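Okay, thanks for having me, everyone. Let me put the structure up on the screen and then walk you through it.

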Amino acid sequence: MEPEDFIKNEKEAKKLYYIYAENSYLRNKFKEEFIEKFVPEAVRDFNLSYVNPGDEYLKRLSNAVQTPPMGAEKRFIISHFTEDDSINQSEQDRLLKIFKNIDQSASLLFLTANKVDKRKKFYLSLKKIAEYQEFETPRYRDLDQWIFARFRENNKKIDSRSVKMLENMFSNKLEILNSEIEKVVTRYPDKEKISYYDLKNIISREKFLEDEEIFHFLDLIGDKKTDQALLTLKEMLNKGVYPLYLLTMLKNQIELLMQVKFYSQYTQDNYKIAKKIGKHPYPVKKSLQRCRNFTQNELEKILEEILRANYHFLTGYYPDQNTALEMIIIKSIAY
């Protein structure tokens, strides 16, 4: 269920919502929908408070949920824990006490990126006093549907090829995906169907480099086509791509090939391998084809060469990074 679907079914704001979502987009979406539905604009200045982690957090939160509303029936408090925020066992006990003593005229929305251990006392107690919800980051087919839905919300259609391309470039980083979709929709306000080429005109050059040219570049290395690989490298560098960025992308792809190569001993099912390594099935499917061009030992040597070069790049060992990168490619093909 999406945050907006959950909020839509709520008749009135409950005293306490405890919302877990690993992805910041989903947490923020729930917060926006909650405010839009339950917090009248006229009372937001005086009766909507944000209490986030920091000095004396629990004391501030306790005061906020006990403060009566001003000139309104209800007071709303929002507290947002990110990936970097956490509380220890004793703080959890204090937090439960605060939750149990929320004023009748208050509604607390507690958002967190930290999943609750459902075997522990904290969760068992929480379930008795809170509206507890988890929103999982969509993956695979669910992510397909999420992207289709974002375009539908803007009265746009998009084809499956374009959806796969977006997934391959941004995985399930919903904040970035949503930002890129908004960019496309803004650029083509009157266009009903968005094509692959429309996306290509909007999405950042570096992302398309990662999606298309890097894979083509790897194919040439895998086929031992030195001249063509070096020509492609020069073209990318001439477009203004930084050598260190290119080296990082190459490292990421080699690491993916190594993982896929290892699991391909046991299965050729890209969905099973993707689940094992936490990647989307689409790039895994491509990597299954490409990894046949290398032995595991060759991939390890290429990665070793890349890591050595990365260190030298960062320490300024190479006076001419472009030439150094060419030499790395020649060595990689020679393995």
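So, the radius of gyration here is 25 Å, whereas a compact globule of 335 residues would come in near 20 Å. Keep in mind that this is a predicted model. If you follow the C-alpha trace along its principal axes, you get a span of about 75 × 50 × 45 Å.

How much of the protein is buried? Of the 335 residues, 47% are. As for the outside, about 18,100 Å² is exposed, and 47% of that area comes from carbon and sulfur atoms.

Now, what is the chain built from? I've got 17 helices and seven strands for you. And the contacts reach a long way along the sequence: take those between residues at least 6 apart, and 74% of them join residues at least 24 apart.

Let me zoom in on one pair of helices. Helix α2 covers residues 24–38, and helix α9 covers residues 174–187. Their axes sit 7 Å apart, and the packing angle is about 70°. Anything from 65 to 115 degrees counts as roughly perpendicular, so that's what we call α2 and α9.

Which residues actually make that contact? On the α2 side, look for Ser24, Tyr25, Leu26 and Asn28. Over on α9, the partners are Leu174, Glu175 and Asn178. If you sort the residues of this contact by character, you find three nonpolar, three polar and one charged.

Okay, that's my tour. Go ahead and spin it around yourselves.

Key:
Residues numbered from 1 in each chain as written. Predicted model: local features only at pLDDT ≥ 70, side-chain atom pairs only at ≥ 80, totals over all residues. Heavy atoms only, no water. Axes fitted to C-alpha atoms, helices over the stretch in contact; angles between N-to-C directions. Helix = DSSP H or I, 4+ residues; strand = E, 2+ residues; numbered from the N terminus. Parallel < 35°, antiparallel > 145°, perpendicular 65-115°, else oblique. Contact = heavy atoms within 4.5 Å. Nonpolar A, V, L, I, M, F, W, Y, C, P; charged D, E, K, R; others polar. Rg over C-alpha atoms; globule rule 2.2 N^0.38 Å. Buried < 20%, exposed > 50% of the residue type's maximum accessible area, 1.4 Å probe, protein only. Areas by Shrake-Rupley, 256 points an atom, 1.4 Å probe, with all protein chains shown as cover.
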